[in-house]
Amino acid sequence: QSRINFVCPSLLWVSAVPSSPPGIISTYQLEDQESNSPFVVVVNHTLDSFLGDGTEQTASMFLSSIVRVGHRVLLSLEKKNEHSDTVEDYQGLCPVLENSPSPRNFWCTGGQGWSMIGSKKIPGFLYFISWDGATDAEGPFLFELNLPVSSCHSPVIVSVSGTMPLMNYITYTEDFLRTFMSEDDRSKGVELPFSKPYGISSFPQDDNDEGIAGDLGMKLACSSTLKESIKAAIEVEGGIDDVILTALQSISSPSTQLEKNMDSATIQRERSNRSKMLTMSHAEKSRRLLRHCSSWTQLDDKRANRGIVTGQVIMATVRFGTSQSCLTLRTNVVTNPNATPYHQVLAWLCQRRDYFTAASIALSLLQDFDAVYELRGIPKTSEGEVISHQGLLDGITPLLNDDIKGGKFSGPQLHTLTSLADMTVGCFIKGGAVMAPTLYGFLARNPFYEAPRACLMLVGTIAAVISQESSFVAHHNNCNIVKVLSTLESPREDVLWPVRCLLKMAVTRKCLPSVLLMLNATIPNELRWRSPKTRGLAESPRPSLSLCLAIVGMILESANEATRYFLNLRDEDSCLPYWFSIDDQTRLALSILSIHGKFVVLQEPEVRSWALEKLKDEVHSSVDFNNVQYDLPSEWLKEIVTGAFCNAGCDIGLGFDSSVLRKSEAFESTRDEYNSCYRQDMLRIENLLNPQENSGGLDYDLLIAALLILVQRDEKWRDGTSIPTQILLNAVCDKAGRKTGIDQKFIFDGATMMRLCALSENYQATAFLIGGKNGIILECADIIISNLGLSMNEAELLLFAGSVNEMKDFVTRIYRKVQIEKKQFAEFFPSESQQHLLWLLEQYSMNVRKYGEFNAAINSMRVNPVFAGRVCFRAWICLTQPSNKESSAKWLEKWLRNKLGLNNGVSSKRLACAALVRILLWADEASGLELTDGDEEPLLAVLLGLNGRFMAELAHACCGMIESIPFHLADEIMSGLGGSNLFFFESELLNA
């Protein structure tokens, strides 16, 4: 909708020779047909390479030019008079478009990448144009220069200063040679700014430990604790850079070994310095660390940097009548006429707090376009992504290699890339939390930045942000630390992002020990949640507990080996390893810290030993003080139990126990024979306790000790669970010590756990830990004690220690004194305890399938069915009131018939029938129970009140089986038959 009034452009200006590449500024006018508004178009033509005509007769040379993207600017020729209310008063000053424009109507001057254009006819028409950074969408940077008001109606007399600053030809020549000289010549004497090579590790790993210690002692004037820590880090990493060691020395206390050769005054002065080091503020530590990073100091807003970057020189003088104005540009426009080194550009942007643009330029130079997209929020599939980067690197000295990715670099090239990458890290850090996600990815991808200097910049930043953190809390004395943890708020991201980036760098560059060493020296109190040292007697408050847990948590989750490295840190104040340099409150909080679903700290030897000692002391104190005072919070015990399951990868640790034992009201109302037997509940959760492979197995010591205390306190092991704590304890004790095919990380201390169970008088847990015959006795004894209120000695007498007559007399005396609560049913139904006895009887005596099970000596891990049956029937007799003897006998007989399938003296379970015959129809065997039974010893079948017909059918069902008679009688029968053929003996009895 515009027409070109004059096609022939006007040549305004030709750039000076040092410009690279040279250019020609031309102009032509346009008029909008709709608004009749006049415009002038200014075009920057960049000269292309020279082309000859190819003939010797003519020496002609053709010059071609191109117009780069965005190198056009459209300027309006309408200018409103600031002293007039109408435009018409001002239009007379505009040139008449019908007449051919004269080049004298406009003037232009410029330099490398910039131009200044004005009009001789239009007052106030003066613009500054920056061609560097021009884009197709937005064009070049255009800035209207403001002139004094008095010059608006001045006579149109224009003069452009012809006096320009002298070019620094020495600097220009060096830049020219640096760009075009060969690699060999360039590597001999020319270096880019801030590209000096970095030193290699000062302390490489050596087989001679004394040599390392000697070097440390000579070069570092620090404490012996810090030297030991440095030595340990060297052994892991293979060496530590000089800059790390120097920085550590600047923030650490001096060595006490140096005092040997000092006089008293010097010793006092050194001790005073050591005290000052221990009370050094975070801000001071940050300042001392950052001053060792040249990449950081170049970006600081200091006088030396401002002189290089922001110094101004006069480039042009414009005169309007009697008024005169000067255009000044930065000094480096003269110092670096063709292009500005990247470090000056980055420093200039950082001094103006434009870290976003500085980082974008640095990333573009490093060709890390993924980071540029992420930083600018541009999708990789965006159509405008190319346009958005146009002009970003205009006017900046390019790197020596066009393709950085995949290239191999050495010498000055590598030093340049390293310096640029380090400054990129500095730009990101100065940008703060907003740019932290991009920095995180950059640290993981970029191979050029120096890890030691990045470490110092990030650690210094951590100290700086912590110094501004004001969330301090009072000391939590004698408080429930777990409840305190539940009320903590997460620290601000402004504090955590440098720690996260630092650990990413440490893991990527495999320098985690030295990074942790720097953190330990810089923020020791935050890592240990303790009050910082102060001068005098005043006690300062503790730092934020949430900050401590957040930092430690990020350290532990950074790598699998991070937990071990972290616990190996030594406190410079107490000279103790980390775990022994913190108080019990901090230990309680850190021991239950979950990292990716694992309680990793709890798996370390020193932490586990401490936890076991605390649990043992709690068991002893609960017995001594009768549960009056608790040292360990119940919430912490619950976390220990959950942590042990999570570390082993058990399903129960994932919350699968929420409904495994919940029963509906209909189920509870039914009278199933085992609905109240805790053995059944143990079987239901058995699979939930299976550890995963390569998990190290269950830590039975921690589990049993913690569950014991929770049972004593009558606490649930986890809120919302359907599994009672005692049931879970029984199941864990039953699995403890058994072979599972998984290598156990920690050896189970069965003897100690058994003592704790016995001390807690938890007979169920003790029974499952012991197992075998003694376990059955304790299990039945627990039932009798809980129902009759007897002592353990009395229960043992009833179950196996005394004769049947003694048991009978004792039970008679009990029911004369003890009134047991009795549930009235229309018919007899066993109590919960009797149901448990029936389960044991069926499990051990009525599921006999092999002949070898009768011989306990062959397999000591299994319980002899005869012995188990006698103990269970004795316990049944003890729990049966005399008034219920007849009805209970009928119920028991019916139950036995159903389980054996006994009908008219025939049963498919002949071995089970044989075991019951020996239990009920034979007197207690002296060889098995070590009793002195007489001839008048009553049979258990008589005491139980079983029917004679039932006993006859039971004996007939196992007729002919040698297992149906005691061992000593079997030997006599076999010797009387003159042989030991078992099948011959059975056939003879069947034929009789």
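1. **The four-stranded sheet.** A good place to start in this predicted model is an open sheet of four strands, which follow the order β9-β10-β11-β12 with antiparallel pairing. Its edge strands are β9 (106–111) and β12, each of which pairs on one side only. If you look along the sheet, you can also see some twist: neighbouring strands are turned by 25° against each other on average, with direction ignored.

2. **From β9 to β10.** Let's walk across the sheet, beginning at the β9 edge. Six bridges link β9 and β10, and the pairing is antiparallel. To find this pairing on screen, pick T109 and look for M116 in β10, its bridge partner.

3. **From β10 to β11.** Stay with M116 for a moment, for on the way to the next strand M116 stands opposite F128 in β11. Strand β10 covers residues 114–119 and is joined to β11 by five bridges, again running antiparallel. The two strands form a hairpin that has six residues between them. What is the phi of G124 in the turn? It is positive, at about 80°.

4. **From β11 to β12.** The last step also crosses a hairpin, here with three residues joining β11 to β12. Strand β12 spans residues 139–144, and five bridges hold the antiparallel pair together. One of the places to check is Y127, whose bridge partner in β12 is E144.

5. **How enclosed is β11?** Is strand β11 largely enclosed or open? Of its ten residues (126–135), eight are buried, so the rest of the structure largely encloses this strand. As you view it, keep a general rule in mind: along a regular strand, side chains alternate between the two faces of the sheet.

6. **The protein as a whole.** Now zoom out. The protein contains 45 helices and 14 strands. Of its 992 residues, 51% are buried. Contacts reach far along the chain too: taking those between residues at least 6 apart in sequence, 68% join residues at least 24 apart.

7. **Two nonpolar cores.** How many residues does the largest nonpolar core have? There are 161, and the residues with the most contacts inside this core are L346, M505, F566, W636, F645, I704 and L728. F645 makes a nice example to click on: leaving out residues up to four places away in sequence, F645 touches C650, I652, G653, L689, L698, L703, W717, L728 and V732. Apart from this core lies another, with 69 residues, including A781, L841, W891 and L902.

8. **A helix pair.** Helix α35 (residues 792–801) and helix α38 (residues 865–879) have axes that come within 9 Å and cross at roughly 125°. The two helices are therefore oblique to each other. Which residues meet here? L797, L798, L799 and F800 come from α35, while α38 supplies V871, R874, A875 and C878. Sorted by type, the contact has seven nonpolar residues, no polar ones and one charged.

9. **A loop glycine.** Finally, have a look at G901, in the loop between α39 (885–900) and α40 (910–920). Is G901 buried, exposed or partly exposed? The relative accessible area of G901 is 46%, so this residue counts as partly exposed. Setting aside residues up to four places away in sequence, G901 touches V906 and S907.

Conventions:
Residues numbered from 1 in each chain as written. Predicted model: local features only at pLDDT ≥ 70, side-chain atom pairs only at ≥ 80, totals over all residues. Heavy atoms only, no water. Axes fitted to C-alpha atoms, helices over the stretch in contact; angles between N-to-C directions. Parallel < 35°, antiparallel > 145°, perpendicular 65-115°, else oblique. Contact = heavy atoms within 4.5 Å. Nonpolar A, V, L, I, M, F, W, Y, C, P; charged D, E, K, R; others polar. Core = buried A, V, L, I, M, F, W, Y, C linked by side-chain atoms within 4.5 Å. Buried < 20%, exposed > 50% of the residue type's maximum accessible area, 1.4 Å probe, protein only. Pairing = 2+ DSSP bridges.
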